[in-house]
Amino acid sequence: MCDCKKPYYITTAIAYTSGKPHIGNTYEAVLADAIARFKRYEGYDVFFQTGTDEHGQKIEEKAMQAETTPKAFVDQVSGTIRNIWDLMGTSYDKFIRTTDADHEKQVQKIFKKMYDKGDIYKGSYEGMYCTPCESFWTESQLVDGKCPDCGREVHPAKEEAYFFRMSKYADRLIAYINEHPEFIQPVSRKNEMMNNFLLPGLQDLCVSRTTFKWGVPVDFDPKHVVYVWLDALTNYITGIGYDADGNPTEQYKKLWPADLHLIGKDIIRFHTIYWPIFLMSLDIPLPKQVFGHPWLLQGGEKMSKSRGNVIYADDLVKLFGVDAVRYFVLHEMPFENDGVITWELMVERTNSDLANTLGNLVNRTISMSNKYFGGVVKSTGVTEAVDEDLKAVVTGTKEKVVAKMDALRVADAISEIFTLFKRCNKYIDETTPWALAKDESKADRLAEVLYNLTEAITIGASLLASFLPETAEKIAAQLKTELRSIEDTERFGLYKSGSTVTDKPEILFARLDWKEIEPKVQEIQANQKAEYEAEQARIAAVLAKQNGGVTAPKAEEPKSEEDESRFIDIEPKAEIEYADFDKLQFRVGVILKCEEVPKSKKLLCSQVKVGSEVIQIVSGIKKSYSPEQMVGKHVMVLKNLKPATLAGLKSEGMILCAEDENGELAIMTPDRFMPAGSEIC
């Protein structure tokens, strides 16, 4: 517990306004909200900032395709993002936009300050440019000729530009990271930044552009606009009142350095290399911690409209409710590895955890109080040994939750709270209230049992409020009590004896039937597909009009009837007996980690969870899949293949793929969720 109103400043990465955010993007806002709420619960004076990143060439192109101005385009998208953050109950204190006039003015002053200091100089740049990432790359930095960050196509570009002297601060940053092991979390992200970027040496960074206009102009050289990342990253200080002229607000003095930058693992480099160096240039302290959270993948794949696998928060809320969605994204995301979301998994978790473990517990407890005592909850002092174990679990939960939250292990913190609820369910089985009710002499014991349950649920709901705020309030309302302070969650027996619970308990989470949910999901997916196709047709028409009636080629044409009817003949192998086939063990595995094999153009090395075991498999699939695309996939594995050594690495199985006549590979995956380890037969 914080014994004073100590400030705590937490930020999310500001969302890029290229389109509506999917649930993987929304997860970050919900995660930050849970941390912010829990810090407030502990007594901290929290300031939670989020917002939108609104400049850059990609936005300029999106606005052109939408036949509107960049400002009108980002106004609409920023509004959509803010609406979704609000829908999910994010309790932010400030929503900053990089088109805010005060932010833009400070960006210009920051750029000039760095220039006057000699950290920014004018030159020219020639290289390969990735428009989605707004980044230049040398040929040696490309991966298979594509952007090393996002895997998309790059194009040659040459232009006059300003550069930042990154190498000037590299040694200082390396020393800082070594001296502050908590700065970059998880540790694997720190190792990646040190080994892949800092230790090999930093190149100077291009920090201005001249080939587009939608950005913050360099005020002393207006044909240049400021590099979008220099613009975006500074929101963390401009949003709280930083002034490059040396006149910061009291809020800035109170809040900086930030306690936590919460970001996706894909932008960890910008936040742990570029941003700290920019701050060093400005003589500003570095943030205390940067946490690069993993991705939330749809069925093991990154979400994209072109794949047709996007899941949006508002669609999920319509089917499951806000707190069910909050629970899923907070509880199902591992600390370090990517998490998986599917519609089927949402139904499964809603039923098993929310409806059964929590909802049924609350409903049973209130219903029994009404049935046996007219809703009156009274402590009689008739205790048994089993009560002490329940009380120990309940009052010990707070300490465990605080420890998990201090380590940013939010999923584990929620698991501790649900351990409390599971213990309550076990307590019902141990004390059998329905049996006690049959014996009038056991009435006082029955009353004590129901009192203990009511008290335990109140404490559990109080700890749950940071994660599922609406549900916690509903539970307290049904028990006709208030949620407890964090100190009081360690004290058992504060529920006022003789209080009356509601006589009409509400079902917190109804059990769901996938057969009823599936048609609704299919409708959502059909609507998304129609919207995507309409959008692509509209963009093609706009481009055709701009090109004098010539339609621009599409990135990927839809399959034709001829494509669907294609087939490949291969030389058949000799027939085998069933006994031969039965020797092979095929199982479902999930890719936990995947890396390129050094000096190999073909091989990827994957850590694959098969049941409770994790095995290593080396596969020649690099030309068709990046390591990022592999993580989270559920794949078909030949498990009992004799281990072999490939490129010096042990391979303990085989990932099954299909191969076309051009050598393109497609990994074989189950067409619906199957747990890791499932047998393929």
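## Cavities, cores and a four-stranded sheet

The structure, which is a predicted model, holds three cavities of 30 Å³ or more. The table sets out the largest and the second largest of them.

| Cavity | Volume | Lining by class |
|---|---|---|
| Largest cavity | About 50 Å³ | Seven nonpolar, three polar and two charged residues |
| Second largest cavity | About 40 Å³ | Three nonpolar, five polar and no charged residues |

The lining of the largest cavity is made up of His55, Gly56, Tyr129, Glu134, Arg209, Phe212, Trp214, Gly215, Val225, Val226, Tyr227 and Val228. Around the second largest cavity stand Gln298, Gly308, Asn309, Val310, Ile311, Trp343, Gln525 and Gln528, and no charged residue is found in this lining.

Open spaces are described in the same way, and here the second largest pocket is considered, with a volume of about 400 Å³. It is lined by 19 residues, and those closest to its centre are Asp338, Gly339, Val340, Val590 and His634. Three elements each give two or more residues to this lining, namely strand S15 (339–341), helix H13 (343–373) and strand S18 (586–596). Of these, S18 gives the most, with three residues. Sorted by class, the lining of the second largest pocket consists of ten nonpolar, five polar and four charged residues.

We turn next to the nonpolar cores. The largest nonpolar core counts 105 residues, and within it the residues with the most contacts are Ile23, Ile35, Phe320 and Phe467. Apart from this core lies another, of 57 residues, with Val218, Ile237, Trp256 and Ile284 among them. What does phenylalanine 467 touch, when residues up to four places away in sequence are not counted? Its partners are Ala34, Phe38, Arg326, Leu330, Met405, Val410, Ala413, Ile414 and Ile417.

A short way along the sequence is glutamate 470, a residue of helix H18, which covers residues 469–478. Is glutamate 470 buried or exposed? Neither word fits, because its relative accessible area is 45%, and this makes the residue partly exposed, given that buried means under 20% and exposed over 50%. Leaving aside residues up to four places away in sequence, glutamate 470 touches Val322 and Asp323. Glutamate 470 and glycine 89 are 381 residues apart in sequence, yet their C-alpha atoms are 8.9 Å apart in space.

The last part of this report concerns an open sheet of four strands, whose order is S6-S5-S7-S9 and whose pairing is antiparallel. Its edge strands are S6 (135–137) and S9, each of which pairs on one side only. Strand S5, with residues 120–130, is joined by ten bridges to strand S7, with residues 155–164, and the two run antiparallel. In this part of the sheet, lysine 122 stands opposite tyrosine 162 in S7. S7 is also joined to strand S9 (residues 205–206), here by two bridges, and this pair again runs antiparallel. Across from cysteine 206 in S9 stands phenylalanine 163, while phenylalanine 164 faces leucine 205 of the S9 strand as its opposite.

Conventions. Residues are numbered from 1 along each chain as its sequence is written. This is a predicted model: local features need pLDDT of at least 70, side-chain atom pairs count only at pLDDT 80 or more; totals for chains, interfaces and linings use all residues. Side-chain values use heavy atoms; hydrogens and water are left out. A nonpolar core is a set of buried Ala, Val, Leu, Ile, Met, Phe, Trp, Tyr and Cys residues joined through side-chain atoms within 4.5 Å. Buried means under 20% relative accessible area, exposed over 50%, partly exposed in between (1.4 Å probe, protein chains only). Contact means heavy atoms within 4.5 Å. On a 1 Å grid over the protein atoms alone, a cavity is a set of points where a 1.4 Å probe fits but cannot get out, and a pocket is an open set with protein on both sides within 12 Å along at least five of seven lines; lining residues have an atom within 4 Å of a point. Grid points are joined across faces, edges and corners, and a volume is the space filled by probe spheres set on the points. Ala, Val, Leu, Ile, Met, Phe, Trp, Tyr, Cys and Pro count as nonpolar, Asp, Glu, Lys and Arg as charged, and the others, Gly among them, as polar. Two strands pair if DSSP finds at least two bridges between them.
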